[in-house]
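Here is a short report on the structure shown below. It starts with charged contacts, then turns to the interior and to single residues.

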Amino acid sequence: SFFRVSFVFRYPTMEPYCKPDFPFVRGVDWRQIAAKVLDRSIPKTLLWVDANFESGDNRNLQQAFTSAGIRIVKAYSTEEGVEKYQALRGEVGLLPESKFRVITNKTRTEGGQPNHKAGVELTTQLRAAGYTGPVLIFCGDLVHGRLDVEGQVYVLLANHNLAAKEFGCFGTPFLYQQPALDDETASSFFAQLVSQGIERKEKDGFVKYYIPRESTALGDPSLPTRIFTEVEAMLNRSVQLQDKQVVLERVILIENGGLRKRFVDALKALDAQPGMDWPQHPTHDACLNILRSFIPETKFRNARPLLLWHQTRDSTEGCVNKEGYRVDKVGTMIGNQGYYGKGIYFTNFPTYAYTYARVPRTAVMKKGKICLQLSWVLVGRPYHMTKIEMGRSLAPGYTSHYAVVKRTEPISKTPTGLPDGDEVVIFQDSHMLPMFIVEVNTRSA
């Protein structure tokens, strides 16, 4: 069986287009928090708020969480859930999603009466208490659920226990299990897409596989639906365009055998390379751990493959899909050598990628259609950039550069709130692989 999920996850973007959703976290000792992130002695913790833990489904989930080594903290009401979070906050409350998560049901009996917005109310109160991490709200009707969570941030809706299990077990996302990281199974993977009715078109040097929204359905266990669902979740991490509603219309997979083989070879070589430990420094830990919290656990512990967003005029048909990203082309058109190094720039935040569209942002919105590239990159050992250094070369002993950005300026030491975005700079062509074209339409909210 299969689950369908929907993220609502917004970070503030470039001024003046959006205001921050989260209150700033002030007076925080980020060095201490960074140390906690790296402390393996702190168990992965799940705060679970539900009025009935004795149902068969919930008992099975509890067994799955416990077997995965997850510490479960139970609460039976919104009030108790907030109290339990307050008690935990000194230990895990400000850690990234890799250490702490929240699950709640949407409807439960509280005060003797059914409360159909109990999960939303819990989320609101946790945000007011300082929690900025992910919340999974379990609901039977996703359509009404999306209406109820409108305006909330970083909320995952689910209507199937598999969603709760993967979320609560801190599982590796499905897209990180696909054959871009395993060359031997690529042929069967793409053959399966075609066998399930996905349109295939050969281009000059690469192949496209088209997954439109209408080819997916709730509860559909097919490979196309799983791909579309996870890309949609990643897209909705940070989508807020003035008064526009952002809708994923189509996902196009790019298959370029030569580029994929080059990427897989680089992946294996980098993963086997010594000296690829994660950089640790009190001044930089807080910013670098923002990046680290996005990197799922895979078997490639040194190469650290990550799916990131890129905005390019050429994302639908041009040279990127045929030749791959080319560092030697940086600056050849407009002379910009790059604020944080002469490389190719990616981000974890789709909204931040929009700001680099070659056409004016207002024109993009009027046209109503946006295309983004979602690509594999090898983060490896990132170097934290604390200031703008136009066109600088890769720092010795590192694989990539990383900057956390607030109002177009890099954050040098201690974040005083959530960033407007981030920038990952890659310096080797073989460390990048275009994988998806993501077609988005914007409509009036």
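## A salt bridge across the chain

Lys 322 and Asp 204 form a salt bridge. Their closest N and O atoms are 2.8 Å apart. The model is a predicted one, and this distance is computed from it. The bridge ties together distant parts of the chain, with the two positions 118 residues apart in numbering. Lys 322 sits in helix H11 (residues 319–323). Asp 204 sits in the loop between strand S9 (199–202) and strand S10 (207–212).

How exposed are the two partners, Lys 322 and Asp 204? Lys 322 has a relative accessible area of 39% and is partly exposed. Asp 204 reaches 54%. Asp 204 therefore counts as exposed, since the cut-off is over 50%.

## Other salt bridges

The structure holds 12 salt bridges. One of them joins the side chains of Arg 381 and Asp 277, at 3.9 Å from N to O. This pair also links distant parts of the chain, 104 residues apart. Arg 381 lies in the loop between strand S14 (369–378) and strand S15 (382–384). Asp 277 lies in the loop between helix H9 (257–271) and helix H10 (285–292). Arg 381 is buried, at 14% relative accessibility, whereas Asp 277 is partly exposed, at 47%.

Arg 326 pairs with Asp 328. The closest N and O atoms of this salt bridge are 2.8 Å apart. Arg 326 is partly exposed, at 29% relative accessibility. Asp 328 is partly exposed too, at 47%. Which residues belong to the network built from salt bridges that share partners? They are Glu 323, Arg 326 and Asp 328.

## Overall make-up

The protein has 445 residues, and 56% of them are buried. It contains 13 helices and 19 strands. Take the contacts between residues at least 6 apart in sequence: 75% of them join residues at least 24 apart.

## Nonpolar cores

Nonpolar side chains tend to be buried together in soluble globular proteins. Here the largest nonpolar core has 74 residues. Which of its members touch the most other members? They are Leu 193, Ile 227, Leu 253 and Phe 436. Another core lies apart from that one. It has 19 residues, including Val 73, Val 102, Val 155 and Leu 157.

## Two packed helices

A helix pair is described by the angle and the distance between the two axes. Helix H7 (residues 186–195) packs against helix H8 (residues 223–235) at about 100°. Their axes are 9 Å apart. H7 is therefore roughly perpendicular to H8, because angles of 65 to 115 degrees count as such.

Which residues make the contact? H7 supplies Phe 189, Gln 192 and Leu 193. H8 supplies Leu 223, Pro 224 and Ile 227. By type, the contact has 5 nonpolar residues, 1 polar residue and no charged residue. Two names recur from the largest core: Leu 193 and Ile 227 are listed there and also in this contact.

## Ala 266 in helix H9

Ala 266 is located in helix H9. Is this residue buried or exposed? Its relative accessibility is 11%, so Ala 266 counts as buried. Beyond its neighbours within four places in sequence, Ala 266 contacts Leu 378, Ser 430 and His 431. Leu 378 is 112 residues away from Ala 266 along the chain. In space, the two C-alpha atoms are separated by 8.7 Å.

## Two loop residues

Gly 111 occupies the loop between strand S5 (108–110) and strand S6 (113–115). Gly 111 is exposed, with a relative accessible area of 82%. Gly 111 and Ser 77 are 34 residues apart in sequence. Their C-alpha atoms are 9.2 Å apart in space.

Arg 304 lies in the loop between H10 and strand S12 (305–310). Arg 304 is buried, with a relative accessible area of 11%. What is the sign of its phi? Arg 304 has a positive phi, about 50°, although it is not a glycine. Most residues other than glycine have a negative phi.

Methods. Residues numbered from 1 in each chain as written. Predicted model: local features only at pLDDT ≥ 70, side-chain atom pairs only at ≥ 80, totals over all residues. Heavy atoms only, no water. Core = buried A, V, L, I, M, F, W, Y, C linked by side-chain atoms within 4.5 Å. Buried < 20%, exposed > 50% of the residue type's maximum accessible area, 1.4 Å probe, protein only. Axes fitted to C-alpha atoms, helices over the stretch in contact; angles between N-to-C directions. Helix = DSSP H or I, 4+ residues; strand = E, 2+ residues; numbered from the N terminus. Parallel < 35°, antiparallel > 145°, perpendicular 65-115°, else oblique. Contact = heavy atoms within 4.5 Å. Nonpolar A, V, L, I, M, F, W, Y, C, P; charged D, E, K, R; others polar. Salt bridge = Lys/Arg side-chain N within 4 Å of Asp/Glu carboxyl O.
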